[in-house]
Amino acid sequence: MEAAYERAVQRIERVGSGQDTMDVLTEIQAAIQEATPFDGCFMGAADPATTLSTSSALIGALPEWTCAPFWDGEFLTDDYSKFVDLHRAGGKSVTMDRATQGRRTRSHRHNTINSAIGFGPELRATFSEGDACWGLVNLLREDGRPDFDDDELRFIDKIAPIAAAKIRTSMIRRLTAPSEGLDDIGLVLFDEHGAVLSMNARAADLLARFGQRDTVDVGGARIPSEAYIVTARARARALGRFGPDPVARVVVEGMPLTLRADCTRRPDGGLDVTALIVEPTRAGDVLSMAVAARGLTPREDEVLRLLLGGSSAAEVADKLFISVHTARDHTKSIYEKMGVNSRAELTSVVFGVHHLPSLDIRHSDSVSF
């Protein structure tokens, strides 16, 4: 088996950097299947800042009806091995049997989804790089088959950073590509049960571009699974449940889009209306993607934002209560990670020229660092 694991690792390492994200996921899934057989799966790219699933996902042997309860369970129900928890713990793989100490029926997900469609053993992990989560993995085996063993978990943990880097490379160019029509915003309103109340024409147009794959029925209307995921997270946040912000960046028909949602509550504390906004990706969203993609530290993120706002080394030092020498060291590190040599190049790499007016960014090579 050791040889099979090594072949799988090498196969993932050979995945081309210029491939589409779905092609990258397909190669990763095939490599895993060779070394760690499974009967059902969900494997998807994730928004690195929020861990929410994006528009690239592979789903095997999971019926359409499982989509809504799968994500409701992730955000609205107490359960084991949630993706956000796994990511916060470093992305290490874990099985349902290990998490529940051999008592799968303690898991809401197992009782309502896995066992209902004939699955028993489950393995979950995230493809994480530092603070950024680039992929989600949920592997299933038919009930009665052996659980995933320690060697298989070590294999998944070994390929996780390699897979994260491959997914990141495939996603970043598409997600940070220029978008047109920045003032055209789609708005969808949902009732307290998640059913669609109304939407404007722009929302109907943008959601129609997702096509009919991976859609969820909400009160007779079908919406893309990505939209459902974001609204489910918004409802969970309104109820005070821990988790990521209800935001996801996706690419549909070559257009980078950002989905974000918020939920209001009635005076009695019950959920009220949930609003989903669908819009072309804006400069602020591009910035967070760039930070996640390049592995900037939290302090470097702060310095980057000040640099993009036009601050000099002295101004950066003053605002962050650090020395000018330290500010210059951070700037040098940022330039190296972003692959640039000047403030103008940095701004261009992060946003692209068409984004600059919306941020009123002052960039100049004359500022001394």
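**Entry 1: the β1–β5 pairing and its sheet**

I began with strand β1 (residues 40-46) and strand β5 (residues 132-142), which run antiparallel and are joined by six bridges. I kept in mind that this is a predicted model. To fix the register I looked for the partner of Gly40, and in β5 it is Leu140.

Next I asked myself in what order the strands of this open sheet come. I read five strands as β2-β1-β5-β4-β3, with antiparallel pairing. β2 (53-60) and β3 (94-95) are the edge strands, and each of them pairs on one side only.

Then I checked what packs on this sheet. Helix α2 (residues 21-35) does, and I found it touching β1, β2, β4 (119-129) and β5. The direction of α2 makes about 35° with that of β2.

**Entry 2: the other five-stranded sheet**

I moved on to the open sheet with the order β7-β6-β12-β11-β10, where five strands pair in the antiparallel sense. Why do β7 and β10 each have one side without a neighbour in the sheet? β7 (196-199) and β10 (247-252) stand at the edges with a single partner strand each, so one side of each stays free of a neighbour in the sheet. I noted the twist too: from one strand to the next it averages 20°.

Strand β6 (residues 186-190) pairs with strand β12 (residues 271-280) over five bridges, in the antiparallel sense. I wrote down two pairs here: Gly186 has Val278 in β12 as its bridge partner, and Val188 has Leu276 in β12.

Two helices caught my eye on this sheet. Helix α8 (residues 201-208) packs on the sheet and touches β6, β7, β11 (255-265) and β12. The direction of α8 makes about 95° with that of β6. Helix α9 (residues 225-238) also packs on the sheet, touching β6, β10, β11 and β12. For α9 I noted an angle of about 30° with the direction of β11.

**Entry 3: β11 and β12**

How many bridges link β11 and β12? I found eight, in an antiparallel pairing. Ala261 stands opposite Leu276 in β12, and I had already listed Leu276 as the bridge partner of Val188. The hairpin of β11 and β12 has five residues between the strands, and there Gly269 takes a positive phi near 95°.

**Entry 4: α11 against α14**

I looked up how the axes of α11 and helix α14 (residues 343-350) lie. They come within 10 Å and cross at roughly 105°. The two helices are therefore roughly perpendicular to each other.

Which residues make the contact? From α11 I listed Leu304, Leu307 and Leu308, which meet Arg343, Leu346, Thr347 and Val350 in α14. Sorting the residues of this contact gave me five nonpolar, one polar and one charged.

**Entry 5: the largest pocket**

I turned to the largest pocket, with a volume of about 410 Å³. Its lining has 19 residues, and those nearest the centre are Asp131, Ala132, Val291, Ala292 and Leu296. I then asked which elements give two or more residues to this lining. They are α10 (283-294) and α11 (298-308), and α10 gives the most, with six residues. So much for where the lining comes from; as for its make-up, I sorted the residues into eight nonpolar, five polar and six charged.

**Entry 6: the cavities**

Last, I went through the whole structure for cavities of 30 Å³ or more, and the search finds three. The largest cavity has a volume of about 60 Å³.

What lines the largest cavity? My list reads Thr51, Leu52, Ser53, Trp71, Glu74, Phe75, Phe83, Val84, Leu136 and Pro244. Two or more residues of this lining come from each of α3 (67-76) and α4 (83-88). α3 gives the most, with three residues. By type, I sorted the lining of the largest cavity into seven nonpolar, two polar and one charged.

Technical notes:
Residues are numbered from 1 along each chain as its sequence is written. This is a predicted model: local features need pLDDT of at least 70, side-chain atom pairs count only at pLDDT 80 or more; totals for chains, interfaces and linings use all residues. Side-chain values use heavy atoms; hydrogens and water are left out. On a 1 Å grid over the protein atoms alone, a cavity is a set of points where a 1.4 Å probe fits but cannot get out, and a pocket is an open set with protein on both sides within 12 Å along at least five of seven lines; lining residues have an atom within 4 Å of a point. Grid points are joined across faces, edges and corners, and a volume is the space filled by probe spheres set on the points. Helices (H or I, at least four residues) and strands (E, at least two) are DSSP runs, numbered from the N terminus. Ala, Val, Leu, Ile, Met, Phe, Trp, Tyr, Cys and Pro count as nonpolar, Asp, Glu, Lys and Arg as charged, and the others, Gly among them, as polar. Two strands pair if DSSP finds at least two bridges between them. Axes are lines fitted to C-alpha atoms, for helices over the stretch in contact, and angles run from 0 to 180 degrees between N-to-C directions. Contact means heavy atoms within 4.5 Å. Angles under 35 degrees count as roughly parallel, over 145 as roughly antiparallel, 65 to 115 as roughly perpendicular and the rest as oblique.
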